[in-house]
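Trainee: I keep running into labels in structure descriptions and I'd like to know what earns each one. Can we go through some together?

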Amino acid sequence: MADEKKTSKKADKAEKSKDTKKKSKKNPFKSIASFFKSVKSEGKKVVWAKGKDVFRNTVIVLIVVFIVGLAIFAVDTGLSQGMKALKKSAQTTTAPTTTSAVVEDDADASDTTEDTTAEETTADSAE
C-alpha cells in the first residue's frame, strides 16, 4: 500500500508538471485579446466628468498659470532693475581721477606693444 501511494503521488506530480507546461505555452494572441477585453471592461467602469466641469477646471488652470506667469515676470523685472541700479551706483562711487590715470598708462603700454610687433613683422619679412 505504501508503495502504491508513493507511485501514485509521483504520477500525480508528473501529470501536474505536464499541465503546467501546457499552460505556460499559451497563445500570445489570446493573451493580448484578453488584455484588451479587460481594458474595455475597466473603461466602462470609469465615471467621466461632465463637459461643464472640464471646461470650468480648464479655465481655472489657465487663469492660475497666467497669474503665476505675471508674478514671475514682476520678480524677474524687479531683480534685473535692482541689479542695474547697483551696477550704476558702483560705477559712480569710484574716483574718476584714478581711472583716467590708469587709462593713460594703458594707452602708453599699448603704444609700446604696437611698436614691438611692428619690428617683429619687419624682421620676419626680411628673412
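**Checking the labels**

Mentor: Sure, and let's begin with the rings: the count of aromatic pairs comes to 1. That pair is F35 and F36, and the arrangement is edge-to-face. Keep in mind that this is a predicted model.

Trainee: Why is the pair of F35 and F36 called edge-to-face?

Mentor: A pair of aromatic rings is described by the distance of the centres and the angle of the planes. For F35 and F36 the centres are 5.3 Å apart and the planes make 70 degrees. Centres have to lie within 6.5 Å, and planes over 60 degrees apart count as edge-to-face, so both tests are passed.

Trainee: What makes F36 exposed?

Mentor: F36 has 52% relative accessibility, and exposed means over 50%, so the label fits.

Trainee: How do you know that K45 and E42 meet in a salt bridge?

Mentor: Their side chains come to 3.4 Å, N to O. The cut-off is within 4 Å, so this one qualifies. The count of salt bridges comes to 1.

Trainee: Where do K45 and E42 sit relative to each other?

Mentor: Both are in helix α2, and because they are 3 residues apart, about one helical turn separates them.

Trainee: Which of the words "exposed" and "partly exposed" goes with K45, and which with E42?

Mentor: K45 has a relative accessible area of 59%, so it is exposed. E42 is at 45%, so it counts as partly exposed. The dividing value is 50%.

Trainee: What span is expected for helix α2, and what does it reach?

Mentor: Helix α2 covers residues 28-45, which is 18 residues. From first C-alpha to last it reaches 26 Å, close to the 26 Å expected at 1.5 Å a residue.

Trainee: What makes N27 a cap for α2?

Mentor: A side-chain oxygen of N27 lies 3.2 Å from the backbone nitrogen of F29, at the N-terminal end of α2. A polar contact needs the atoms within 3.5 Å, so the distance fits.

Trainee: Which residues make the nonpolar surface patch?

Mentor: F55, V59, I63, F66, I67 and L70 make it, and its area is about 620 Å². L70 belongs to helix α3, residues 51-93. With a relative accessible area of 45%, L70 is partly exposed, and patch residues need over 30%, so L70 passes.

Trainee: How many helices and strands does the whole chain have?

Mentor: The protein chain has 4 helices and 0 strands, giving the pattern α-α-α-α. Buried residues make up 0% of its 127 residues.

How values were computed. Residues numbered from 1 in each chain as written. Predicted model: local features only at pLDDT ≥ 70, side-chain atom pairs only at ≥ 80, totals over all residues. Heavy atoms only, no water. Helix = DSSP H or I, 4+ residues; strand = E, 2+ residues; numbered from the N terminus. Buried < 20%, exposed > 50% of the residue type's maximum accessible area, 1.4 Å probe, protein only. Patch = residues over 30% accessible without salt bridge, like charges linked within 9 Å, V, L, I, M, F, W, Y side chains within 5 Å. Areas by Shrake-Rupley, 256 points an atom, 1.4 Å probe, with all protein chains shown as cover. Expected span 1.5 Å × (residues − 1). Polar contact = N/O pair within 3.5 Å; in protein donor to acceptor, adjacent residues only side chain to side chain. Phe/Tyr/Trp six-rings, centres within 6.5 Å; stacked < 30°, edge-to-face > 60°.
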